[in-house]
Amino acid sequence: MQNLSELTRRLITSQVEFVLVGGFAAAAHGVTLVTRDVAICCRFSQANLMRIQKAFADLHPVHRSRPDLALELTPEQCAGLKNLYLKTDLGIVDCLSEVLGVGNFEEVLKNSIEVELPYGKCWILNIEALIRAKEAMNRDHDRITVKFLKEIKKQQS
């Protein structure tokens, strides 16, 4: 988790426009399952993608599906991207332009809450939207996460 925290800290301090949407968001809501990546929904503008690139530059970022291909974005590449799946020295970062069950970045942001982390403020998908997203993905670990999230939501009521 320490490496995931460092990846998130770098996004925050680099002023990347993003919302935590995956297992790390679930952990922020109190889910105790382990996650091995940072999943974010972010604005896919050239400026924001360049901030992501800069945030991880010293961590040898590569495209996860093409580890032989270093992250060296050009304006032309930025214009055509919908998702960006990265592997860095500290771990995996999945950058998504939209979240299944929620919508594009603007919709995700509307369905988020701001939380204070030890290294700064961050937006995370609210518990209701996170449940919708995990139900829409419908993978084994998502179904388990949904059970935890629903129990946490019930305890908060």
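## Exercise 1: the turn after α6

**Task.** At what relative accessibility does Asn 138 count as partly exposed, and where is Asn 138 found?

**Solution.**
1. Asn 138 has a relative accessibility of 45%, so it counts as partly exposed. The cut-offs: buried is under 20% relative accessible area, exposed is over 50%, and partly exposed lies in between (1.4 Å probe, protein chains only).
2. Asn 138 sits in the loop between α6 and α7. Helices (H or I, at least four residues) and strands (E, at least two) are DSSP runs, numbered from the N terminus.
3. Now check the backbone. Phi of Asn 138 is near 55 degrees, a positive value in a residue other than glycine. Most residues other than glycine have a negative phi.
4. Place the residue along the chain: Asn 138 takes this positive phi just after α6.

The model is predicted: local features need pLDDT of at least 70 and side-chain atom pairs count only at pLDDT 80 or more, whereas totals for chains, interfaces and linings use all residues. Residues are numbered from 1 along each chain as its sequence is written, and side-chain values use heavy atoms, with hydrogens and water left out.

## Exercise 2: a second positive phi

**Task.** Which loop holds His 60, and what is its phi?

**Solution.**
1. Look between α3 (46-55) and β3 (62-63). His 60 is in that loop.
2. Its phi is positive, about 55 degrees, although His 60 is not a glycine.
3. Add the accessibility. His 60 counts as exposed because its value is 55%.

## Exercise 3: α6 and its surroundings

**Task.** How do α6 and α7 pack, and what do the buried residues of α6 pack against?

**Solution.**
1. Start at the N-terminal end of α6. Asn 126 caps it: a side-chain oxygen of Asn 126 lies 3.2 Å from the backbone nitrogen of Glu 128.
2. Take the helix pair. α6 (residues 127-137) and α7 (residues 140-156) pack with their axes 9 Å apart, at an angle of about 160 degrees. That angle makes α6 roughly antiparallel to α7. Axes are lines fitted to C-alpha atoms, for helices over the stretch in contact, with angles from 0 to 180 degrees between N-to-C directions. Under 35 degrees is roughly parallel, over 145 roughly antiparallel, 65 to 115 roughly perpendicular, and the rest oblique.
3. List the contacts (heavy atoms within 4.5 Å). On the α6 side they include Ile 127, Leu 130, Ile 131 and Lys 134. On the α7 side they include Val 146, Leu 149, Ile 152 and Lys 153.
4. Find the buried residues of α6. They are Ile 127, Ala 129, Leu 130, Ile 131, Ala 133 and Lys 134.
5. Name their partners. The buried residues of α6 pack against α2 (23-28), β7, β10 and α7.

## Exercise 4: the sheet

**Task.** What is the strand order of the open sheet of 8 strands, and which strands are at its edges?

**Solution.**
1. Read the order: β4-β3-β5-β6-β2-β1-β10-β9, with mixed pairing. Two strands pair if DSSP finds at least two bridges between them.
2. Take the ends. The edge strands are β4 (66-70) and β9, each pairing on one side only.
3. Inspect β9 (residues 112-117) and β10 (residues 120-125). They pair antiparallel over 6 bridges. They form a hairpin, with 2 residues between them. Leu 117 has Gly 120 in β10 as its bridge partner.
4. Move to β1 (residues 18-20) and β2 (residues 37-42). These strands run antiparallel, joined by 3 bridges. Leu 20 is opposite Ile 40 in β2.

## Exercise 5: three buried residues

**Task.** What do Ser 97, Gln 53 and Val 62 touch, beyond neighbours up to four places away in sequence?

**Solution.**
1. Ser 97 lies in the loop between β6 (91-96) and β7 (98-99). It is buried because its relative accessible area is 16%. Its contacts include Cys 41, Phe 44, Lys 82 and Asn 104. A polar atom of the Ser 97 side chain lies 2.7 Å from the backbone oxygen of Lys 82. A polar contact is a pair of N or O atoms within 3.5 Å; within protein, one must be able to donate a hydrogen and the other to accept it, and residues adjacent in sequence count only if both atoms are side-chain atoms.
2. Gln 53 belongs to helix α3. Its relative accessibility is 17%, so it counts as buried. Gln 53 touches Leu 71, Glu 72 and Leu 73. A polar atom of the Gln 53 side chain lies 2.5 Å from the backbone nitrogen of Leu 73.
3. Val 62 is in strand β3. It is buried, at 16% relative accessible area. Its contacts include Pro 67, Leu 69, Tyr 85 and Leu 86.
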